[in-house]
Every structure is written in C-alpha cells, then in structure tokens.
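Okay, thanks for making room for me in the meeting. I'd like to walk you through one model, so have a look at the sequence and the fold while I talk.

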Amino acid sequence: MIHQPPAGARDLLPLEVVQKGWINDRLQEVFRQWGYQRIVTSTIEWLDTLMAGGAIERSTVIQLREESEGTLGLRPELTASIARAAVTRMADATYPQRLCYRANVFRNPPPGYHGRQLEFYQAGVELLFAGGVLADAEILLLLADCLDKLGLQQWQLLLGEARLTRSLLSPFPDSLRRQVRYCIAQLDRIALENLDYPSPALKQRAMVLFDLRGKPADVLQTVMGFELDEAAQQIVGNLKSLVELLQKSSPKPFPLILDLSFLQTFDYYTGIVFQAVSQSENQLCILGQGGRYDELLGVYHPQGKAAPGIGFSLNLEDLHLCLLFSAALPQQTPPIDWLVVAETPQAQAAAFIYAQRLRNKEPRLRVEVDLGGQSPQAIRDYARRCRINCLAWVREDLEALVETLGC
C-alpha cells in the first residue's frame, strides 16, 4: 500500500520549506520595522469564536468534535482569534495594538470539491483600537512595503469600501439585493443581467455597480452621480483623502484600483476592503487580502463594547508561486559546511566530539557526521554531490586532517 497525505493535505519538502521560510522571514522583518509584535493564538477554538458572530459561515469551518461547552473547530483565519485575545486578555494594554502573526489556517472546501486544499499558510497583521484614514493608510502602505521587500514588481491593490457598497445596494428589495450582491461577488454578469428586476432603473443600477472599478478619480466621480445620504458622502470624502495620502506617502506611484464592486468572503468588514493581486504564468494570484472591522471586537467583549480594527493576511502559497523563478528566492537548500569522518571505528566517539566543537565554535555552521560504511572515495563523491565544502578525517586522539573540496 502506498501511503499519501489525506485528500486536501500536502507535504512541504526541504527546498519548499527553505523558500517559504525565506519569504516569511522577510515579511516578519518588515512587520518588526513597523512596530508590530508577534502574537500566537490557538489552532483549535470554539466554533462560536471562529464564526465571528455569524460573519463566517459555519460550513467553512472544519469541525472536530462536540464538547459539553460547545463544538471545537480549526481556525479558518486569524482575525477572529486575535480579536478574542485582544479584548479578553489585553484589555489593559496601551492602545493602539500592533500585532502580527505567521500561522496555518484550515478551510472546508465547497461541496463537490473533494481533494481541494484544506490547509493554508499565512502571515499578517492586525492594527487594533485605531480608526480613521491614518490607520487605513498605515495598513495599506505596510502591505505595499511587504510586497516591495519581497521583490514583487507587477502587483495591484484592489480597494473597495464595504459600507459604501452596502449603501449603493440599499435601493434593491431584500431578496433581490442578496442576489445582486452574490452575482457581483462572483463576477457573474450574465446572471446579474437576467435577474427579475422590478424596474429598468434598478437593472441599470445593478449593471453600473458591477462595473464600478478603475482609476479612483473616475470611480468616485461615477459614485457622486448616485443620490447619496450624508453617511455615504462622508465615506466618499474619506476615500478621496485616503487615496491622496497613499499617493503622497508612497515612494513610487501606488498601484491602486478602486473597486466598489469588490466584496470580501468574510462578512465582518465595515470599512475599506482590499486585495493584492498579481499575474504568474497567466494565472491570477491573490497575494493577500484584508479590511476594516470596527464591530468585530465587540462580539468578544464581555460588555459588547465595540472598538476599531483593521488588518491583512498574506498568502504564502501564492507569494511562493509568484516568486518561484525570481533571482531572489533561494533555489537550493543551504549547503553543509563540514562532514566529519571517523578514520577508524575506534575514532567514532572522537568524530562526534570534534563535530560538536565545530558547532560550538561557530553556531551558524552546519556540520554532519559520517555514519560509516563507505569508502573514502565514496565519501568524497557524496560530499561533492551535497556541496559540502570541508571534510575532517578525525583520529581517536581528536586530531583531524582537514580536506577542502571547494564545493
């Protein structure tokens, strides 16, 4: 019987681990430079926590088992868990809170997608207890800095606004609004055109909303053509200020597309929502996503007290795919610096001692001990294949003959 991982799971081989570790290390360094501190939350949570007050569909959560207190599940994302930790265990912390993470998440695939990936790796940040345009700008500029530090050149940020999109959808009757929203989220123009509209004006409005993306100035001008209430007008004003701040604060033109038809998968967003995308081998890669969630923390607060929050997660699989053939990404596992060989069976203990001395002298060295059973020439051939630079032939008295292969 050939044993494979379960359907939807996968192994990471050493080179993949090195490459994704390289990506992750650079992301964590950028987070650190911006003042974000790492938080680690539980992989297993109560289902009520993971559903974020109903904003996350129960069907997307991989459920483990029923307990007397409730149902346990695997986290489908990190924001809900971090929000829970912030309001229950960090209530006395100085605000705002800048938190970052690197972790795996788990999601049930839609029905009929047997074998689809279940486990994903993410790195991201959450900026809690801070609202307004400045906080929004910090998160988007931080995201841009992350992608630039990885060496990604061709990427764009799709920026939407959840409250504004809801306001623009408000004239539709309830049942129709849900259908329009779904068609827009799925980018299904044909289905949208064929819905049962009570008036030609509403159908026209739906089609305009479907195409409400492009240069920020053009999109906002179109939006101003709608009849907007005071709250929607303020949101438009904030969007204008945010776009201006991003362009002025970025060292190069910010690759921004305003997309008011953009709707995120998780339904806890209350302000800007965004997605960083790129092309790789004619395939669209979603590099990261996020948004503002000013009501989520109230779900976990003992008194239901709401507080602002915003964050993003970066998808390591898609970042890895886009960087796979770049010059920056490591293309080999790190070489071994030393191979220590016992010249005789009596020198085997001496070989382990000598190897440990090398490691203690320089902790960054990678040192292997030969496990015997090969001729000297076979050992040299192995060392060259594995790019091992130095051989140490150790005698019982701990004296060694050093041979440099120049690999």
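**Charged pairs to begin with**

So, Arg 292 and Asp 294 form a salt bridge, and their closest N and O atoms sit 2.8 Å apart. Keep in mind as we go that this is a predicted model. Arg 292 counts as buried, because its relative accessibility is 5% and the cut-off for buried is under 20%. Asp 294, on the other hand, has 28% and counts as partly exposed. And the pair isn't on its own: salt bridges with shared partners link Asp 136, Arg 292 and Asp 294 into one network.

How many salt bridges does the structure hold? The count is 15. Let me pick out a couple more of them.

One is between Glu 45 and Arg 84, with 2.5 Å between the closest N and O atoms. Glu 45 belongs to strand 2, residues 44-46, and Arg 84 to helix 3, residues 79-89, so this salt bridge ties together parts that lie 39 residues apart in sequence. Are these two buried or exposed? Both Glu 45 and Arg 84 are buried.

Another is the salt bridge where the side chains of Glu 161 and Arg 163 meet, at 3.0 Å from N to O. Here Glu 161 is buried, at a relative accessible area of 3%, while Arg 163 is partly exposed, at 39%.

**On to the strands**

Let's move to strand 6, residues 119-128. It's mostly covered: of its ten residues, seven are buried. Which strands does it pair with? Strand 5, residues 97-106, pairs with strand 6 in the antiparallel sense, over ten bridges. Within that pairing, Cys 100 has Val 125 of strand 6 as its bridge partner. Then there's strand 12, residues 309-315, which is joined to strand 6 by seven bridges, again running antiparallel. If you want a residue pair to click on there, Ala 123 stands opposite Leu 314 of strand 12.

A quick reminder for anyone picking through side chains: in a regular strand they alternate between the two faces of the sheet.

**A four-stranded sheet and its helices**

Now scroll further along the chain. There's an open sheet of four strands, in the order 14-13-15-16, and its pairing is mixed. Strand 14 (367-369) and strand 16 (400-404) are the edge strands, each pairing on one side only. Direction ignored, neighbouring strands in this sheet are turned by 20° against each other on average.

In that sheet, strand 13, residues 338-342, and strand 15, residues 390-394, run parallel and are joined by five bridges. As an example, Val 341 has Trp 393 in strand 15 as its bridge partner.

What packs on this sheet? Helix 13, residues 348-361, lies across strand 13, strand 14, strand 15 and strand 16, and it runs at about 160° to strand 13. Helix 14, residues 376-385, packs on the sheet too, touching strand 13, strand 14, strand 15 and strand 16, with its direction at about 150° to that of strand 15.

Right after that, look at the loop between helix 14 and strand 15, where you'll find Arg 387. Its phi is near 60°, a positive value in a residue other than glycine. Arg 387 is partly exposed, given its relative accessibility of 24%.

Leu 187 also has a positive phi, near 55°, and isn't a glycine either. This one is in the loop between helix 6 (174-185) and helix 7 (189-193). Leu 187 is exposed, with a relative accessible area of 56%.

**Cysteines, and one serine**

How many disulfides are there? Zero. Cys 322 is in no disulfide, and its nearest cysteine sulfur, the one in Cys 285, is 3.4 Å away. The cut-off for a disulfide is 2.5 Å between the sulfur atoms, so that pair doesn't count. Cys 322 is buried, at 18% relative accessible area, whereas Cys 386 is partly exposed, at 30%.

Last stop is Ser 250, in the loop between helix 10 (230-249) and strand 9 (256-259). Its side chain reaches the backbone oxygen of Lys 252 at 2.7 Å. Ser 250 counts as buried, because its relative accessibility is 17% and buried means under 20%.

That's my tour, and I'm happy to go back to any of these spots.

How values were computed
Residues numbered from 1 in each chain as written. Predicted model: local features only at pLDDT ≥ 70, side-chain atom pairs only at ≥ 80, totals over all residues. Heavy atoms only, no water. Helix = DSSP H or I, 4+ residues; strand = E, 2+ residues; numbered from the N terminus. Buried < 20%, exposed > 50% of the residue type's maximum accessible area, 1.4 Å probe, protein only. Polar contact = N/O pair within 3.5 Å; in protein donor to acceptor, adjacent residues only side chain to side chain. Pairing = 2+ DSSP bridges. Axes fitted to C-alpha atoms, helices over the stretch in contact; angles between N-to-C directions. Contact = heavy atoms within 4.5 Å. Salt bridge = Lys/Arg side-chain N within 4 Å of Asp/Glu carboxyl O.
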